[in-house]
Amino acid sequence: MKPTYMQSPIKLWMWAGMAALLCGGTAFGQGAEDLRLTVGKSIVIDYPSEIRQISTSNPEIIDASPVTTKEILIHGKGLGNATMIVWSRAGDRTFYNITVDLNLDPLRKILRETFPNEAIVPTSTRDSIALNGDISNKDVGDRAVALSATFGKTVVNNLHLPAAPIEKQILLRVKFAELDRQKEDQFGVTLLGVAGQTAASTSTGQFGSTSIQPSTPGAPLTFTIPQALTAFAFDSKLNLGAFVKALQSNNILQILAEPNLVTTNGKEAYFLVGGEFPVPILQGGTSGGISVSFKEFGIRLRFTPTITAHGTIKLALKQEVSTIDTANGVTVNGFSIPALATRRAETDVELGDGQSFVIAGLLDNRETDAFSKIPIISSIPILGNLFKTKDENKQRTELVVIVTPEITQPLAPGDHQPEITFPRQFLVRLQPSDIQPPPTTKKK
């Protein structure tokens, strides 16, 4: 027979009340009310009947006192949770779960005034602050966390950033056009005469002199003309000949480059069409060695685009065209180092999408004149012009740069990909039937 334990009705009521407090509810089916207030704030509860007694679980968090027979004043003293029980004169009990949070009204006001277009909602749990809502960029979130740090020990950033859009790309279409106009005038005279087996000649010497070689006695003389001149005359009766060179040439040379560069907003792009030439550099010290450094030349372009708030494109552009100039080079320790003929321009412009601007007027004019004459004879009026020679060379080049920026987006995964057109099929795919098996050898 098992022993039984009997509990008194008073002890059973105490255990039921303690279990109700531990579970956050009340005994005998009475529901608890939830209240929230902030530190330093007070509220008044209108009780439905006359109050007999009030008890709180933690006096350091809340202070509850009756004001009248049916009014209770609750003051938030510290952060945390506490339970308040109210007994009426009729014997009824009411339970209150009270949470005391931080006073976030000053923080809400600061966030609303600092970020009027942002939806930032601060909440508190004890001495921690959580920031919730949607913001436009990361900088707003960092500043909001810094402002909230003075109101609580810990700040939890739950702010949601929008999906980052694909950064815009800037396509720069550039056209380099260089027009080279060269004009050259040449004029020269060569005279020769024969008297028996004796021959003589005179020339301005610019185009080379005519050589006369005697052959065997009685045989005709042999003349060697260094260049094919434009006019020739020989009188067999007088044994007198004349060679005249009068040439005029006009050359037009056009060099065109059309680079297309793509870069992201605010990033620099670089383009070079040309090459590098070696430059020897003498090393210091006792060894006296020589190293080689390479210098770039050709068509060079640097640009940094920035998209403004108005949708325009601000360009910081640097363009340069350089060519090797051997005529103005130097020779150091037996090494010939050419010079560079350079034309350079640097500018800042602001354009709309698809607009163009032109940089022109980068001119290079060069004129070379070479004159020579035969003494004495060239001083004869009118006739002396035949004994003078000239070589006149005029060069004029002009560089024109046309720049067109465009805002573009990368191709999506499903978009048609551009393909390169080859003159003939490139990288032909082999089929299994195209592969011939290796020949087999029979063993003897």
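This passage describes a sheet, an aromatic pair and a surface patch in a predicted model.

Among the strands of the model, four form an open sheet in the order β1-β7-β6-β3, and the pairing within this sheet is mixed. The edge positions are taken by β1 (33-38) and β3 (51-56), each of which has a single partner strand, so that one side of each is left without a neighbour in the sheet. On average, and with direction ignored, neighbouring strands of this sheet are turned by 25° against each other. Strand β6, which spans residues 80-88, runs antiparallel to strand β7, residues 93-101, and the two are joined by eight bridges. Within this pairing, Val86 stands opposite Thr94 in β7.

A search of the whole structure for aromatic pairs returns one. This pair is formed by Phe277 and Phe297 and is tilted, with a distance of 6.1 Å centre to centre and an angle of 50° between the planes. The pair links distant parts of the chain, since Phe277 belongs to strand β18 (residues 269-282) and Phe297 to strand β19 (residues 290-307), the two residues being 20 residues apart. Phe277 counts as buried because its relative accessibility is 8%, where the limit for this class is under 20%.

On the surface, a nonpolar patch is formed by Ile420, Phe422, Phe426 and Leu427, which together have about 510 Å² of accessible area. One of these residues, Phe426, lies in the segment after β23 (388-408). With a relative accessibility of 53%, Phe426 counts as exposed, because that class begins over 50%.

Definitions and conventions
Residues numbered from 1 in each chain as written. Predicted model: local features only at pLDDT ≥ 70, side-chain atom pairs only at ≥ 80, totals over all residues. Heavy atoms only, no water. Pairing = 2+ DSSP bridges. Axes fitted to C-alpha atoms, helices over the stretch in contact; angles between N-to-C directions. Patch = residues over 30% accessible without salt bridge, like charges linked within 9 Å, V, L, I, M, F, W, Y side chains within 5 Å. Areas by Shrake-Rupley, 256 points an atom, 1.4 Å probe, with all protein chains shown as cover. Salt bridge = Lys/Arg side-chain N within 4 Å of Asp/Glu carboxyl O. Buried < 20%, exposed > 50% of the residue type's maximum accessible area, 1.4 Å probe, protein only. Phe/Tyr/Trp six-rings, centres within 6.5 Å; stacked < 30°, edge-to-face > 60°.
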